[in-house]
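Hi,

Here is the structure I said I would pass on. Have a look at it first, and then read my notes below.

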Amino acid sequence: MNLLQRSIATGLLLASPSLGYAQLEGSKPDQPPAHHPVPSIQDTETPAQHDARMAWWREARFGMFIHWGLYSIPAGTWNGKQVPGAGEWIMNNGSIPVADYKTLAPRFNPTGFSAHDIVALAKAAGMKYIVITSKHHDGFAMFDSKADPFNIVAATPFKRDPLKELAEECRKQGVKLGFYYSQDQDWTAPGGGAYATNGRHTPNNHWDKAQDGSFDEYLHKKAIPQITELLTNYGNFPVVVWFDTQAQMSPQNAADIVKLLNKYPKLIWNNRLGGGYKGDTETPEQYIPAQGFPGRDWESCMTINDTWGYKSNDTNFKSTETLLRNLIDIASKGGNYLLNIGPDSHGIVPQPEVERLQAMGQWMKVNGEAIYGTGATIFDTPTGTLSATEKGRDGKPKFIPTWNWRSTTKGNKVYIEIFQWPNGSFHLDKTPRHVTGAYLLADRAHKPLKITQNGESLDVQLPAQALDPIATVVVLNTTR
Ligand code: H79
């Protein structure tokens with residue numbers, strides 16, 4: 001380590017205003033860009049420190065997202081009309097005035113909420129961490145906040161702090177807990193950000209005069225004090241802060257939040273803070289990137305039906321097969337799967353969601369070794385083709401995945417998760433490693449499967465039937 005790197009690592013740089021960023025950039029061009037007014041942990045830590053900080057998260061591979069708030073009461077319907085879009089967006093999509101939306105709070109009494117049951121459900125599914133909405137874009141805090149009275153303890157008959165209860169249960173049951181916080185959009189606080197919908201294109205996208213005000217004041221009087229509460233009031237949690245929608249975050253505003261985050265050197269936070277900060281994780285929303293994000297940690301967050309926040313009419317639940325194959329697909333590209341549940345206004349998790357998570361857990365109990373702590377596939381076998389006609393979101397030819405099999409890797413073990421059970425044997429044209437043996441993960445006896453390796457090609461003889469119709473895992477023992 002040279003002197004400059006050491007001074008960054010020890011935080012000396014922060015206390016040394018004379019050392020400018022030009023010098024920093026000049027000496028190490030890939031280090032903090034000049035527009036970071038305050039260096040973040042990612043700017044100052046060594047690669048080894050970064051790996052240590054990310055270790056549990058990389059091991060986990062599977063987490064639970066929880067979107068829960070006042071929007072679970074209207075559940076997609078306002079004044080008898082269904083409001084299109086995600087449940088948690090109802091206030092914005094329905095242009096609901098602030099005062100009207102706020103009348104939901106005294107009606108919110110989710111006595112069916114059980115932190116124990118939700119954490120137990122996450123565990124049963126094989127999920128290693130939970131991220132819950134502490135405040136979504138509607139501005140309602142689902143925790144005990146002294147910074148702003150529009151919160152679940154002060155403004156509802158429920159009066160309990162679900163985050164506190166979840167933190168206790170997570171500690172007891174050995175699950176990690178993170179908090180989602182909408183730092184920019186806030187549709188009920190004066191000055192809070194708002195994205196445009198319904199063709200609104202006023203300078204601030206507001207639909208109610210009550211929303212007008214200073215963004216800087218909102219950020220410094222509500223958001224930053226609340227983030228401080230979240231970071232200090234829940235013991236060793238949160239281990240993740242999940243920011244969202246960064247439209248107005250200037251580098252300086254983001255830096256004011258980074259100052260808080262820097263006090264918790266184990267914290268992991270995503271790439272949605274804004275102000276030019278990259279955070280720790282890429283966050284593809286509702287899709288699985290065809291190639292993952294080489295060189296970056298990443299997490300696909302996805303809904304189990306078509307909404308994040310509970311919507312009574314949304315019964316378009318993905319099948320257990322789709323959900324499990326998504327998890328495997330993501331793991332095979334080196335990412336995490338943050339799968340959402342949306343409890344209703346009583347705090348109850350919809351039964352179809354419970355059933356799917358439990359079914360995933362059954363598979364994970366047998367096959368989790370092929371997911372936890374694994375790395376991306378070692379095969380260059382394409383997992384899909386580029387469409388000749390359709391364009392993807394980036395305007396390039398759309399990637400059409402094929403769903404025959406995926407692969408993950410851990411040390412000398414290579415896992416093949418087979419979706420389409422082949423007749424007789426599993427064949428690979430090119431195997432980058434020497435294979436010394438193979439067995440089925442679901443076979444407790446690990447009875448050796450017959451293998452034939454001819455040059456680079458490999459054949460593994462399989463029983464006639466898949467052990468699991470969704471995915472049966474073949475383990476290859478290899479030497480490198
Ligand atoms: O919390 C979930 C979403 O509510 C949140 N991120 C996940 C985790 C999210 N907020 N904003 N966005 C995602 C993207 C916003 C997209 C928009 Fe639109 C396009 C806003 C306005 C146009 C789609 C259509 C959503 C509202 C109308």
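Let's start with one pair of residues: M302 has L339 in β10 as its bridge partner. Before going further, please keep in mind that this is a predicted model.

**Around β9**

That bridge belongs to a bigger pairing, in which β9 and strand β10 (residues 336–341) run parallel and are joined by four bridges. On another side of the story, strand β8 (residues 281–282) is also parallel to β9, with two bridges between them. One contact to look up there is E282, whose bridge partner in β9 is W298.

How many of the residues of strand β9 are buried? Six of the six in β9 (residues 297–302) are, so the strand is largely enclosed by the rest of the structure. In a regular strand, side chains alternate between the two faces of the sheet. You can see this in β9: D297, E299 and C301 point one way, while W298, S300 and M302 point the other way, and all are buried.

β9 and β10 also belong to a β-α-β unit with α11, and the unit is right-handed. Helix α11 covers residues 320–332, and T320 lies in it. T320 counts as buried because its relative accessibility is 18%, under the 20% cut-off. Beyond its neighbours within four places in sequence, T320 touches R356, A359, M360 and I470.

**Salt bridges**

Side chains of opposite charge can pair when their charged atoms come close. Searching the whole structure turns up 19 salt bridges. Here are a few to click on:

- R58 and D297 form one through their side chains, at 2.9 Å from N to O. This pair links distant parts of the chain, with D297 in strand β9 and R58 in helix α4 (residues 47–60), 239 residues apart.
- R58 also meets D51 in a salt bridge, at 3.0 Å from N to O.
- R296 pairs with E282, and their closest N and O atoms are 2.9 Å apart. Here R296 sits in the loop between β8 and β9 and E282 in strand β8, 14 residues apart.

Are the partners buried or exposed, or something in between? D297 is buried, with a relative accessible area of 11%. R58 is partly exposed at 24%, and D51 is partly exposed too, at 40% relative accessibility. In the other pair, R296 is partly exposed at 27%, whereas E282 is buried at 18%. There is also a network in which K135, D148, D186 and K222 are joined by salt bridges that share partners.

**The two domains**

Now zoom out. The chain is divided into domain 1 (3–370) and domain 2 (411–479). Their contact takes 10 residues from domain 1 and 13 residues from domain 2. Taken over C-alpha atoms, the centres of the two domains are 39 Å apart.

The size of an interface is often given as the accessible area lost when the parts come together. Between domain 1 and domain 2 that buried area is about 1100 Å², with carbon and sulfur atoms giving 63% of it. Which residues of domain 1 lose the most area to domain 2? They are R325, E369 and A370, which together make up 48% of what that side buries.

And how many salt bridges cross the interface of domain 1 and domain 2? The rule finds zero.

Have fun exploring!

Note on methods:
Residues numbered from 1 in each chain as written. Predicted model: local features only at pLDDT ≥ 70, side-chain atom pairs only at ≥ 80, totals over all residues. Heavy atoms only, no water. Buried < 20%, exposed > 50% of the residue type's maximum accessible area, 1.4 Å probe, protein only. Contact = heavy atoms within 4.5 Å. Pairing = 2+ DSSP bridges. Right-handed = clockwise from strand over helix to strand, strands pointing away. Domains from an automatic or database assignment. Buried area = accessible area lost by both parts, 1.4 Å probe. Salt bridge = Lys/Arg side-chain N within 4 Å of Asp/Glu carboxyl O.
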